[in-house]
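Biologist: I'd like a close look at one part of this model, a single strand and whatever sits around it. Could you walk me through that part and then step back to the rest?

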Amino acid sequence: MITLERLAKAFGKRREVHAVRDVTFDAPDGEITGLLGPNGAGKTTLLRMIATLVVPDAGCALVDGLDAVADRHAVRARIGVLSDARGLYSRLTARENVRYYGALHGLSGAPLEQRIDALFATLGLAPIAERRSAGFSQGERMKVAIARALVHDPDTILLDEPTNGLDIMSVRMLRGELRALRAQGKCLLFSSHVIQEVAALCDRIVVLSQGRVVAQGTACELIARAGTSGLEDAFVALLGSDEGLAA
Amino acid sequence: MMTGALARTLAILRKELTDTRRDRRTGTVTLLSAVLAGPIFLLLIFNLIASQADRARDITLPVMGAEYAPAIVAFLQRQQVSVTKAPADYDAQIRRGDLDVVLIIDASFGKDVEQGKRGTVRLVFDRSRDRARPAIDQAESLLRGYNRLWGDQRLMLRGVTTSVADPLLVETADLATPQQSGALVLFLVAYYGLFASVMGGMAVALDTTAGERERQSLEPLLMTPARPAEIVIGKWLAVCAFDALVVTLTLTGFYLTLAFAPLPSVGVPFLFGAREFGRFLLVLVPMMLMLPAILLYVGSRARAYKEAQANVSVLLFVVSLIPLVQLFMQRREPGWLMLVPVSAQYSLLNTSLRGEAPALAQLALSCLAPAALTVIALVAVTRRLSRESILSGK
């Protein structure tokens with residue numbers, strides 16, 4: 001469960017770039033919450049604040065009631081993040097990459113290996129488990145990065161533009177995986193600028209524009225509110241322009 | 001909680017060691033150059049010294065006008081000098097460096113001597129040529145020797161003891177121990193040992209900081225429960241381990257070469273045995289801890305490996321310049337030198353090479369500044385990793 005209350009963050013020497021302003025919403029357990037917004041809307045900054053890497057200027061971000069600033073170490077242990085940066089260690093094998101993160105989360109020995117085996121089986125990584133990641137395809141890298149983010153079985157999962165650069169087969173695999181996690185009662189927060197992606201997967205959608213929440217609700221609620229026929233039109237109507245959607 | 005921190009630090013150390021071990025290209029280049037540097041280096045230097053010594057020993061002296069002073073020529077030949085006929089263009093050849101020194105005997109030599117005047121001979125050379133200097137010195141001292149012999153004989157004919165004309169007896173006592181006479185060659189050994197401690201950790205330190213950032217694996221790492229301090233210490237220990245390995249291999253290269261390689265004999269009894277090896281390692285310990293920390297800091301300031309390499313050249317420059325300054329500063333070393341990192345180590349390495357044990361007090365002093373700098377650098381890297389700006393700029 002993620003709770004954001006009046007979260008704000010500005011960058012620059014005189015704090016003149018307002019990346020996130022006054023953002024309030026909940027992402028409940030057992031649901032996939034989509035964070036939809038054009039490029040530069042503040043999605044990555046918002047996710048980084050929840051992931052404890054960026055300290056908010058105002059407001060607070062809570063994960064299962066734990067503050068992302070005051071209890072940041074406890075929060076880090078509970079979340080699994082597939083961030084925008086998802087580099088692997090190319091000289092390590094797929095298994096070693098995931099094992100490293102498992103060890104950092106306090107896992108070791110047989111339980112860790114069993115967990116990795118289970119994750120690799122679900123993600124279809126078993127055949128390349130012992131290969132060095134240097135030669136991996138984009139899709140294989142993504143799968144290893146997901147396994148790495150989930151190795152400690154986190155209750156809260158943040159994904160920043162997870163489908164970027166993936167082929168359709170990998171996207172379908174990823175969707176299946178996220179739905180399975182939802183079925184386990186996990187809290188998933190998923191950011192994207194691709195409307196179809198969000199529509200296909202998310203239970204609830206939070207529309208972000210210039211750092212503010214401009215609308216939130218289910219896809220149907222958003223369409224009804226905007227008075228349009230489809231989600232894309234609703235999105236454009238809610239943003240007030242189609243700026244930033246081209247990418 | 002402490003055990004968790006320790007376990008994470010060890011996990012980071014283990015991962016960095018595996019990662020480094022598998023980096024074949026960097027590893028091979030660094031290790032190979034470390035192992036081979038000593039032998040190649042020493043072989044070159046020894047051959048250089050040997051060839052200079054040879055030139056000094058088997059002197060060939062081209063003489064012009066040998067027929068005017070057969071006694072001088074006979075004397076030179078008795079002194080193992082092979083006397084040759086000087087070419088007509090001897091001055092041009094000396095200028096070009098083809099000839100070291102030429103002896104010219106005046107055509108009026110015999111007549112002058114008969115008339116009781118001084119006979120004139122001339123030595124032609126170019127003293128600005130380092131290579132020619134031993135030959136010049138040799139020729140001069142031979143002629144002085146002949147002059148003295150001749151004078152002594154004349155005095156004896158007149159019943160005068162030679163001490164009348166030669167009242168001052170100069171005795172020399174060179175206090176240089178056999179080890180000290182190899183000082184220049186040993187400077188290079190100390191210099192290289194110091195250099196190995198910079199080069200050893202460089203590639204690894206930059207790869208694990210700037211490289212990690214460039215490969216986009218730093219941000220996910222910072223989101224794990226591993227604290228920045230744990231990440232920094234784990235990485236630092238890994239770089240130190242590799243650095244120590246490179247230094248040990250470099251010194252082993254020197255040790256094996258000096259102990260077993262068929263180096264030409266140059267009259268420099270080298271002292272670099274097991275004892276000196278141990279002292280070298282001991283003196284270099286502060287460097288093997290400090291330089292990895294500083295390298296990590298330099299690496300953490302850069303967004304990419306290449307940028308870090310450019311920045312690190314400043315550090316390299318400073319470390320390699322300090323011993324050179326010391327070499328040319330032919331003064332007695334002041335006491336505070338032990339507080340200057342690199343300088344102190346260089347000085348202590350030289351002490352070890354002279355066959356002396358570095359004083360414990362000096363060793364302790366020499367660790368102070370490096371210890372402080374190590375802590376400062378590690379804290380600075382930790383603070384950088386804790387800052388939001390580390391995430392920006394892919």
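Modeller: Let's start with a strand covered on both faces, S8(A): on one side A:Cys187, A:Leu189 and A:Ser191 are buried, and on the other so are A:Leu188, A:Phe190 and A:Ser192. Keep in mind that this is a predicted model. Strand S8 covers residues 187-192 of chain A, and because six of its six residues are buried, the strand is largely enclosed by the rest of the structure. Buried here means that 20 or more other C-beta atoms lie within 10 Å of the residue's own.

Now for the neighbours. One of them is strand S3 (residues 31-36) of chain A, which runs parallel to S8(A) and is joined to it by six bridges. If you want to find the register on screen, pick A:Glu31 and look across to its bridge partner in S8(A), A:Cys187. Further along, A:Thr33 stands opposite A:Leu189 of S8(A).

Another neighbour is strand S7 (residues 156-160) of chain A, and this pairing with S8(A) is parallel too, over five bridges. Here A:Leu158 has A:Leu189 as its bridge partner in S8(A). To get from S7(A) to S8(A), the chain passes through helix H6 (residues 168-183) of chain A, making a right-handed β-α-β crossover. So A:Leu189 is a handy residue to click on, since it faces A:Thr33 and also partners A:Leu158.

Stay with S3(A) for a moment. Five of its six residues are buried, so S3(A) is also largely enclosed by the rest of the structure. Besides S8(A), S3(A) pairs with strand S9 (residues 204-209) of chain A, again in the parallel sense, with four bridges between them. A:Thr33 turns up once more in that pairing, standing opposite A:Arg204 in S9(A). If you step across from S7(A), you therefore meet S8(A) by five parallel bridges, then S3(A) by six, then S9(A) by four, with the definition of pairing asking for at least two bridges.

Zooming out to the whole of chain A, you'll count nine helices and ten strands. Its C-alpha trace spans about 50 × 40 × 35 Å along the principal axes. A compact globule of 247 residues would have a radius of gyration near 18 Å, and chain A agrees because its value is 18 Å. Buried residues account for 45% of the chain. As for how the chain folds back on itself, 68% of the contacts between residues at least 6 apart in sequence join residues at least 24 apart.

Chain A also touches chain B, in a contact that takes 22 residues from chain A and 21 residues from chain B. On the chain A side, the elements giving two or more residues are helix H2 (72-78) and helix H3 (94-104). H3(A) supplies the largest share, four residues. Sorted by class, that side has 13 nonpolar, five polar and four charged residues.

And chain B itself? Its secondary structure comes to 14 helices and four strands, and 36% of its 394 residues are buried. Among its contacts with a separation of 6 or more, 78% are between residues 24 or more positions apart. One element to look at is helix H6 (residues 133-157) of chain B, whose 25 residues reach 36 Å from first C-alpha to last, close to the 36 Å expected at 1.5 Å a residue. After H6(B) comes B:Gly159, with a positive phi near 75 degrees.

Definitions and conventions:
Residues are numbered from 1 along each chain as its sequence is written. Chains are lettered from A and ligands numbered from 1 in the order in which they are written. This is a predicted model: local features need pLDDT of at least 70, side-chain atom pairs count only at pLDDT 80 or more; totals for chains, interfaces and linings use all residues. Two residues are in contact if their C-beta atoms, placed from the backbone, lie within 7 Å. Ala, Val, Leu, Ile, Met, Phe, Trp, Tyr, Cys and Pro count as nonpolar, Asp, Glu, Lys and Arg as charged, and the others, Gly among them, as polar. The radius of gyration is taken over C-alpha atoms; the globule rule is 2.2 Å times the number of residues to the power 0.38. A residue is buried if 20 or more other C-beta atoms lie within 10 Å of its own, exposed if 12 or fewer, and partly exposed in between; C-beta atoms are placed from the backbone. A crossover is right-handed if, with the strands pointing away from the viewer, the path from the first strand over the helix to the second runs clockwise. The expected span of a helix is 1.5 Å times one less than its number of residues.
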